[in-house]
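The following report describes the packing, charged pairs and backbone geometry of one protein chain, with the criteria for each term given where the term is introduced.

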Amino acid sequence: MENESSYLLERFKECGSVSTDSRDIVSRTSSGCQVIFFGLRGATFDGNQCAASALSSGASYVVVDDPSVVPEGDSRYILVRDSLSALQQLALDYRRSLPVKILAITGSNGKTTTKELTSRVLSRKYRVYATEGNLNNHIGVPLSLLRMPSDTEIGVIEMGANHQGEIARLCEIAAPDYGIVTNIGKAHLGEFGGESGIRKGKGELYDYLRSHQGTAFYLSDSAALSSMISERPGLKRVSFSIRELNDIQYGLGKRLRMYYEGYSQPVESSLSGVYNKYNILSAIRIGLWFGVPFSAIAEAIASFVPDNNRSQFVVTERNRLVLDVYNANPSSMEESLEAFLQDPSVPKSVILGDMKELGRYSREEHQGIVRKLLSVPDLDIWLIGPEFASCRELDREGRILFFPDTSACCVYLQDFPLQQRNILLKGSHSVHLERLLPYL
């Protein structure tokens, strides 16, 4: 095909949607959608082999990169050099065909919460589309862009990465006009190659913005972010500071409440954890920069109710829970612990799961968390997973209950239930701490 990109863009505008999962095509076409199926390859699957099935399920076209699956003369098959690259290029072409501004959000912690808050704030003045769920990688970002309605004015796109070079690639796909790095923490230490690697990887967003005359929003209180900004002369930037928030009020199970400098109306949030003040501040500052009235900003933030096991406060018949089990790294673990331990509510229990993707830093970081826990008197400590179990020798007084996995903890709770306690649950998603909820 002489002009693969323009042909695909024409077919996309004809159909209006894409899919990379042949199993969801029936439900989408039955509701009146026309779908282009992209046959992507993975370590354990080859989407090319699902092309015929996708067509029989109702797909209008299938994009494949294996000539052997293409029947002669069937124009519904679109043969490309590489299906993933074609998907990514289509997303960029579609994004460029729209009069839309893109705000990219990345960082070690708080990406999704900042995305949710910021998109709600901007929606008070603009037509906004934001990344759905966790579609923030090399496949998810193009899918997010292709889901934007054609009248979108601002797209809020979350970008995740665990290796250097990934944010740079996502920027090439999304072509952001604005960006924010929420923070630099200890996430994916093993893959990034330490904290310096994290700075370099997340800084790829700043590099793109500088070379394309974009604008970066950043927290000036962060030494890491301020240093990264200063290392890039010519980058247009908008700074904000935690000093712009006054009289921050927080309590377990209470709404986080604060005042923004120069405004008498308080900003309230249902988010659990005082560390969310940074995510809220980011949304406020971006909203003000885009001209959203402050009263509308406050209303948007107050309307956001966290879900998906992130910063949720849950009251059961037996206990009060702080549920933050979607993901965990040393930085987010420390923030969650600090906020939980600062609250005067007693008695307290912590149930923590292993932190994943730390590589050679794993033992050191898990030991640091265990030492912090043991320094707190009268704290009930439950730890789940082999990484925490490797720190058993630090517990010389036998204060900690160790479990090999969440299932073992569930069994234990059936015989020895926790009652009338304030409990923090925090761990990486793969530990599945949410399975403890029926027992708490």
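## Helix α14 and its surroundings

Helix α14 covers residues 330-342, and its 13 residues, at 1.5 Å a residue, should span 18 Å, which agrees with the 18 Å that separates its end C-alpha atoms. The expected span used here is 1.5 Å times one less than the number of residues in the helix. Helices (H or I, at least four residues) and strands (E, at least two) are DSSP runs, numbered from the N terminus.

The model is predicted, so local features need pLDDT of at least 70 and side-chain atom pairs count only at pLDDT 80 or more, whereas totals for chains, interfaces and linings use all residues. Residues are numbered from 1 along each chain as its sequence is written, and side-chain values use heavy atoms, with hydrogens and water left out.

At the start of α14, a side-chain oxygen of N329 comes to within 3.0 Å of the backbone nitrogen of S331. The helix has P330, S331, S332, M333, S336, L337, A339 and F340 as its buried residues, where buried means under 20% relative accessible area, exposed over 50%, and partly exposed in between (1.4 Å probe, protein chains only). Among the elements that cover these buried residues are the strands β15 (320-324), β16 (348-353) and β19 (422-426), together with the helices α15 (362-374) and α16 (386-389); contact, in this report, means heavy atoms within 4.5 Å.

## Nonpolar cores

In soluble globular proteins, nonpolar side chains tend to be buried together. A nonpolar core is taken here as a set of buried Ala, Val, Leu, Ile, Met, Phe, Trp, Tyr and Cys residues joined through side-chain atoms within 4.5 Å. The largest such core has 89 residues, of which V18, F38, L145, Y206, F217, I280 and I284 touch the most other members. Leaving aside neighbours within four places in sequence, F38 is in contact with L8, V18, S19, T20, V63, S83, A86, L87 and L90. Apart from the largest core lies another, of 23 residues, which includes L337, I369, I400 and F402.

## Charged side chains

What is the nearest side chain of opposite charge to the buried K277? That side chain is E338, 7.6 Å away, and K277 has no salt bridge. For this purpose Lys and Arg count as positive and Asp and Glu as negative, while His and the chain ends are not counted. K277 lies in helix α12 (residues 277-289), and, not counting residues up to four places away in sequence, K277 touches I242, L245, I248, L256 and M258.

A salt bridge is a side-chain nitrogen of Lys or Arg within 4 Å of a carboxyl oxygen of Asp or Glu, and a search of the whole structure finds 27 of them. Three pairs are listed below.

| Salt bridge | N to O distance |
|---|---|
| R23 and D21 | 2.9 Å |
| K426 and D324 | 3.2 Å |
| D380 and R421 | 4.0 Å |

The K426 and D324 side chains meet in a salt bridge, and this pair links distant parts of the chain, with K426 in strand β19 and D324 in strand β15, 102 residues apart. K426 counts as buried because its relative accessibility is 3%, and D324, at 8%, also counts as buried.

In the salt bridge of D380 and R421, the pair again links distant parts of the chain, D380 being in strand β17 (residues 379-384) and R421 in the loop between α17 (406-415) and β19, 41 residues apart. D380 counts as partly exposed at 24% relative accessibility, whereas R421, at 18%, counts as buried. Elsewhere, salt bridges that share partners join K115, E116, R120 and E158 into one network.

For the R23 and D21 pair, R23 is exposed, with a relative accessible area of 72%, while D21 is partly exposed, with 26%.

## Backbone geometry

A cis peptide bond, with omega about -5 degrees, joins V346 and P347, and P347 is found in the loop between α14 and β16. S311, although not a glycine, has a positive phi of about 50 degrees; this residue is found in the loop between α13 (294-303) and β14 (312-315) and is buried, with a relative accessible area of 4%. E357, also a residue other than glycine, has a positive phi near 60 degrees and lies in the loop between β16 and α15, where E357 counts as partly exposed at 35% relative accessibility.

Technical notes. Polar contact = N/O pair within 3.5 Å; in protein donor to acceptor, adjacent residues only side chain to side chain.
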